[in-house]
Amino acid sequence: MKKRSMAAPLRLKATSASPGVASGPVYIAEPPAAVSQPAALGHLELATAIETAINELQNLAIGSDAESGDIIDFQIEVLRDPTIVEMAGARINAGENAIFAWVGTLDGYVRELESAEEEQLRARGVDILDIKNRVLAALTGTPVEDFPIGSIYVGKDMEPSRFLAHDWSAGGGIALYAGSAAGHVALLARSRSVPMVIGAGRFATAAGQHIRVDGDAGVVVLQLDSQSAAPIRPTPPVASAGPAADNGILRTKDGSQILLSINLNAPDEIDGIIAATVAGIGLMRSEFAVTSLADAANEEKQFAIYRRVLEWADGRPVTIRMLDIGGDKPLTGLLASPELRGIRLLFAQPKIARVQARSLLRAAIFGNLRVMLPMVTFPSDVDQMRQIFREEAAEFTHRGVPHRLPPIGMMVEVPAAALMLDQFETADFFSFGTNDLAHHLTASTRNDVEFGACSEKVVPAVLRLLAYAVKIAGSKPLSICGDLAGDPRKTAELLSAGIRHFSVAPAQLPAIRSAIGGLNADGTKAAGE
Ligand code: PEP
Ligand code: MG
């Protein structure tokens, strides 16, 4: 009888979205249609969160010293105070989400205490802030569903919040039936060195089967034999961002100065990078640090995140972009119209904008902060947001809270803004977002593989618009932070379009450094290169 041979590994052609190779057991994601929309948080959720906070405090009280015990008793008393719950309840009845109803009530209480005559009462403010945040943490809304560590995520698409909530330290990879290399999950995968392929088409596999994602070759390998099924972990990211402690100040071959900064997705990405190797942070996507409605309402948490990054930068410019939520970056727990994104969503949800403005104003005294606005379309967008910052700053001045009004600039990622850049007199700086420019110029969706920001078909139109916008931008600081900035094949054309400041994912620093060093300022190849 003929011996039945084992099926040979099956290689499926896909497209690379993030390099590296990983293998492991399959996790099959539920189709997005089956994922239910989060319900708005109301009375019940608030009551449960308060109960959770009380339980936590009671546990903390066990074994604590007399002084801490007194503070905890006071905090529990406040949480049990029916007036507080009633005030928050009235706000919920008036249509507020439980998160902001709670924040509004407790902020009012803190302000009352701050203006009290008695020193002892004033000192209670910080205890109230603490319980405000404890309840907020318990009110995070729908938790993001995680999957086993080390597994290969297989599905039609993936939400950025899922990527961010997952622990990738033990390996794992992503294979999407659809997706795009320009999508936000691909961008995160590249910055965390998680192998990822997209456009694999729907393929048959079962949960737990071992497969391999080859992000270098752009393939998915199925039917692995036991030997090749051994888990492959991607090589850890390069620890250093670049060799030279030159503050990211480079020279073209003919001597022009070019600045090289980094884009930051998750704030802990700075941990392996020496600040002196870069000019600063050209883009921090705050939506990847503030991932739930409760975080968006948490001024203290945001302040701590921004302050840490500013202190790391040690005086170098740190450009923090306000929350670019909506579209393929939903905020967990927020029900918002699907057509709203970026600054338009912030104006529709002014409480979120104001909490972020306050935490940025306070963080600004710890470094060289620049605030960047996402998806700006009209000059009035900049003025309207600046007004919010001014109002919050005036309130801080009134309360004696230390703060500084930072420069406020904008992403140039909506074609209407790029074409009219000379009209944006009140923006303090510009940064080109070629990912969204490509997407909006081609009437494509961000997940459309063919129309990605670095696709050969799309790039000429983006470059032409960019060159025009640079010409009319005047003398304001100007940089580029879209993916095109990190593509060394396009450095010459970007230089020729007049770009002098590149902000790229940390992994792209060496390639862009070397590309700039081999070119003249007009993008021509230096002699002998
Ligand atoms: C861009 O659009 O190019 C950009 C940098 O913003 P994001 O990729 O976060 O949309
Ligand atoms: Mg964008």
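The paragraphs below lead through a predicted model, going from its domains to its cores, then to a pair of helices and a few single residues.

The domain assignment of the chain gives three parts: domain 1, made of residues 10–29 together with 147–222, domain 2, covering 43–140, and domain 3, covering 249–517. Taken over C-alpha atoms, the centres of domain 1 and domain 2 are separated by 42 Å.

The largest nonpolar core of the model has 119 residues, and those with the most contacts inside this core are Met385, Met410, Leu421, Phe432 and Phe502. The element that gives the most to this core is helix α4, residues 98–114, with nine residues. Because domain 2 (43–140) and domain 3 (249–517) both give residues to this core, the core lies between them. A second core, separate from the largest one, has 20 residues, and these include Tyr153, Leu164, Ala186 and Leu187.

Phe502 offers a way to look at the largest core from the inside, since Phe502 is listed among the residues with the most contacts there. If residues up to four places away in sequence are not counted, Phe502 touches Ile258, Leu259, Leu260 and Ser261, and also Ile480, Ala485, Thr491, Leu494, Leu495, Ile512 and Ile516. One of these partners, Thr491, can also be set against Glu391, for the two are 100 residues apart in sequence and 41 Å apart in space, from C-alpha to C-alpha. Glu391 itself lies in helix α13, residues 379–399, and counts as partly exposed because its relative accessibility is 36%.

The next place to look is a pair of helices, α15 (residues 434–441) and α16 (residues 459–472), whose axes come within 10 Å and cross at roughly 115°. The two helices are therefore roughly perpendicular to each other, and α15 passes α16 in a right-handed crossing. On the side of α15 the residues that meet the partner helix are Thr434, Leu437, Ala438 and Leu441, while α16 brings Ala461, Val462, Leu465 and Leu466. A general property of helices helps in reading such a list: an α-helix has 3.6 residues a turn, so residues three or four places apart point the same way.

How is α15 placed with respect to the rest of the structure? Six of its eight residues are buried, so α15 is largely enclosed by the rest of the structure. The buried residues are Thr434, Asn435, Asp436, Leu437, Ala438 and His439. Just after α15, Ala443 takes a positive phi of about 50°.

Two further residues have a positive phi although neither is a glycine: Asp314, at about 50°, and Met375, at about 55°. Asp314 has its place in the loop between α10 (299–313) and β12 (317–321), whereas Met375 is found in the loop between β13 (368–373) and α13. Their surroundings contrast, as Asp314 is exposed with a relative accessible area of 61%, while Met375 is buried with a relative accessible area of 6%.

Helix α10 also holds Glu299, which counts as buried because its relative accessibility is 9%. Leaving aside neighbours within four places in sequence, Glu299 is in contact with Val355, Arg358, Ser359, Arg362 and Phe396.

Technical notes. Residues are numbered from 1 along each chain as its sequence is written. Chains are lettered from A and ligands numbered from 1 in the order in which they are written. This is a predicted model: local features need pLDDT of at least 70, side-chain atom pairs count only at pLDDT 80 or more; totals for chains, interfaces and linings use all residues. Side-chain values use heavy atoms; hydrogens and water are left out. A nonpolar core is a set of buried Ala, Val, Leu, Ile, Met, Phe, Trp, Tyr and Cys residues joined through side-chain atoms within 4.5 Å. Buried means under 20% relative accessible area, exposed over 50%, partly exposed in between (1.4 Å probe, protein chains only). Helices (H or I, at least four residues) and strands (E, at least two) are DSSP runs, numbered from the N terminus. Domain bounds come from an automatic or database domain assignment. Contact means heavy atoms within 4.5 Å. Axes are lines fitted to C-alpha atoms, for helices over the stretch in contact, and angles run from 0 to 180 degrees between N-to-C directions. Angles under 35 degrees count as roughly parallel, over 145 as roughly antiparallel, 65 to 115 as roughly perpendicular and the rest as oblique. A crossing is left-handed if the near helix is turned anticlockwise from the far one by less than a right angle, and right-handed if clockwise.
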